[in-house]
Amino acid sequence: MQIKAAVVRERSGPFVIDTVELCAPREDELIVRVVASGMCQTDLHGRDGYFDSPYPAVYGHEGSGVVHAVGSAVHGLAPGDHVVMSYPWCGDCANCRQHKLNYCLHGRRLKSNRTRADGSTLLSKNGAPVYSAYFQQSSFGTFALTQERYAVKVRKDAPLELLGPLACSGQTGAGAVLNVMKPKPGDSFAVFGAGAVGLSALMAAKIAGCDPIIAVDIHDHRLALARELGATHTINHGGSSGVVGEIQKITGGGARYALETSAVPAVFREAIECLMPAGTCVLLGSARKGSEVSFEMPFLQQGRVVRGVVQGDSMPQEFIPRLVGLIMDGKFPIEKMIKFYDLADINLAAQESSTGIAIKPVLRMPAG
Ligand SMILES: [Zn+2]
Ligand SMILES: [Zn+2]
């Protein structure tokens, strides 16, 4: 079928809205009419050639929409169902067999190769391949093809155009808190970076009853939103000479939990150094290959834990519906961080995402 999609024709080139051909679904696949898609830094990393994959290419991995057509072996979803498309996994590797789907040994390849696992492509233009299947979805288009197991059915009374970001930034941030840290009421929490991931984590920390909740960022408008969403204290990193000291003062000796979302090595070090003994620092920021960080070895001897987490250790089929429930209860007001753009304005969305004007751009797809 013919669809409209935002195609990147060469490395770091602009998104160009074009008509392309989407193949028919295989037996375990489905086609989703995309209603909206979040844009995440990882999409822009793909555009800019971080993954060494070919062009032309279509990105997007935070798609929400309505099931349009299903393959013959799809039984859990039917046309008309509302779905969020989440991250891919192979189902066969040592981690998938232990249900650690977010650490799938083939996950990286399935996310960034822009083909199916067998190398086939989903999109074409005049018979030539257009590389898609980004996170096995490529949601920057009017329709997307994914597998049944990556599509999460969500309740129909929820506002579908808000739900795409749950597939990546939402479950990454909220999952790091609710699935990994599991704080108790009154535990101190500090988040470095008040972007979509950091603010999702902050909303989860509030749900868990953390106190104090400290947000660190370089943009005042993000810190203002952090306060609105539950931060008890905010620190502008640019205006502070000693972030670690400030956090120690607020918490009375260090934070029990710190979350790093900036991917800046010097900030990661601060997130470690602000911990109390037996505190835990979780790294979510996705740094480029070759980035290194250092800290003093004795620091870990006090029972401190430093670890990385992917996709918030979330099992999407359970966690995304839970987050949708929190949105419907008014406890996870994700709409406050979203700025909507029409698909035609995708380059503006990318620019405003990079400069920090838009915290979470969401693209609305045209009909058809
Ligand atoms: Zn796997
Ligand atoms: Zn993402």
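**Aromatic pairs, a zinc site and a parallel sheet**

Phe-51, Tyr-59, Tyr-134 and Phe-135 are linked into a cluster by ring pairs. The structure described here is a predicted model, and a search of the whole of it finds 5 aromatic pairs. One of these joins two members of the cluster: the ring centres of Tyr-59 and Tyr-134 lie 4.8 Å apart and the ring planes stand at 85°, so the pair is edge-to-face, a class that begins over 60 degrees. This contact connects distant parts of the chain, 75 residues apart. Tyr-59 belongs to the loop between strand E4 (57–58) and strand E5 (63–70), while Tyr-134 belongs to the loop between strand E8 (128–130) and strand E9 (143–147). Tyr-59 has a relative accessibility of 0% and therefore counts as buried. Tyr-134, at 0% relative accessibility, likewise counts as buried.

Another edge-to-face pair is formed by Trp-89 and Tyr-150, with 5.7 Å from centre to centre and 80° between the planes. This pair also links distant parts of the chain, 61 residues apart. Trp-89 is found in the loop between strand E6 (82–85) and helix H2 (94–97), and Tyr-150 in the loop between E9 and strand E10 (151–153). Trp-89 has a relative accessible area of 15%, and is buried because the limit is under 20%. Tyr-150 counts as buried at 1% relative accessibility.

Charged side chains also sit over aromatic rings. The charged end of Arg-114 is placed over the ring of Tyr-55, at 5.2 Å from the ring centre. Arg-364 lies over the face of Phe-340, with a distance of 3.9 Å to the ring centre.

The zinc ion (ligand 2) is coordinated by three side-chain atoms: SG of Cys-40, NE2 of His-61 and SG of Cys-168, at 2.1 to 2.3 Å. The spacing of these donor residues in sequence is C-x20-H-x106-C. His-61 is located in the loop between E4 and E5, and Cys-168 in the loop between E10 and helix H4 (169–181), so this pair ties together parts that are 107 residues apart in sequence. Both His-61 and Cys-168 are buried. The loop between E4 and E5 thus holds Tyr-59 as well as His-61.

An open sheet of 6 strands is arranged in the order E13-E12-E11-E14-E15-E16, and its pairing is parallel. Strand E13 (233–236) and strand E16 (305–308) form the edges, each pairing on one side only. On average, neighbouring strands of the sheet are turned by 15° against each other, direction ignored. Helix H8 (residues 265–273) packs on this sheet and touches strand E11 (189–192), strand E14 (255–260), E15 and E16. The direction of H8 makes about 145° with that of E15.

Within the sheet, E11 and E12 pair in parallel over 4 bridges, and Phe-189 stands opposite Ile-213 in E12. Strand E12 (residues 213–217) is mostly covered, with 5 of its 5 residues buried. Its two faces are both covered: one carries Ile-213, Ala-215 and Asp-217, the other Ile-214 and Val-216, and all of these residues are buried. Strand E15 (residues 275–283) is joined to E16 by 4 bridges, and these two strands run parallel. Thr-280 stands opposite Val-305 in E16.

Terms used:
Residues are numbered from 1 along each chain as its sequence is written. Chains are lettered from A and ligands numbered from 1 in the order in which they are written. This is a predicted model: local features need pLDDT of at least 70, side-chain atom pairs count only at pLDDT 80 or more; totals for chains, interfaces and linings use all residues. Side-chain values use heavy atoms; hydrogens and water are left out. Two strands pair if DSSP finds at least two bridges between them. Axes are lines fitted to C-alpha atoms, for helices over the stretch in contact, and angles run from 0 to 180 degrees between N-to-C directions. Contact means heavy atoms within 4.5 Å. Rings of Phe, Tyr and Trp (its six-membered ring) pair if their centres lie within 6.5 Å; planes under 30 degrees apart count as stacked, over 60 as edge-to-face and the rest as tilted. Buried means under 20% relative accessible area, exposed over 50%, partly exposed in between (1.4 Å probe, protein chains only). A charge sits over a ring if NZ of Lys or CZ of Arg is within 6 Å of the ring centre and within 35 degrees of the ring normal. Donors are N, O and S atoms within 2.8 Å of the metal (3.2 Å for Na, K and Ca); water is not among the atoms, so sites may look incomplete.
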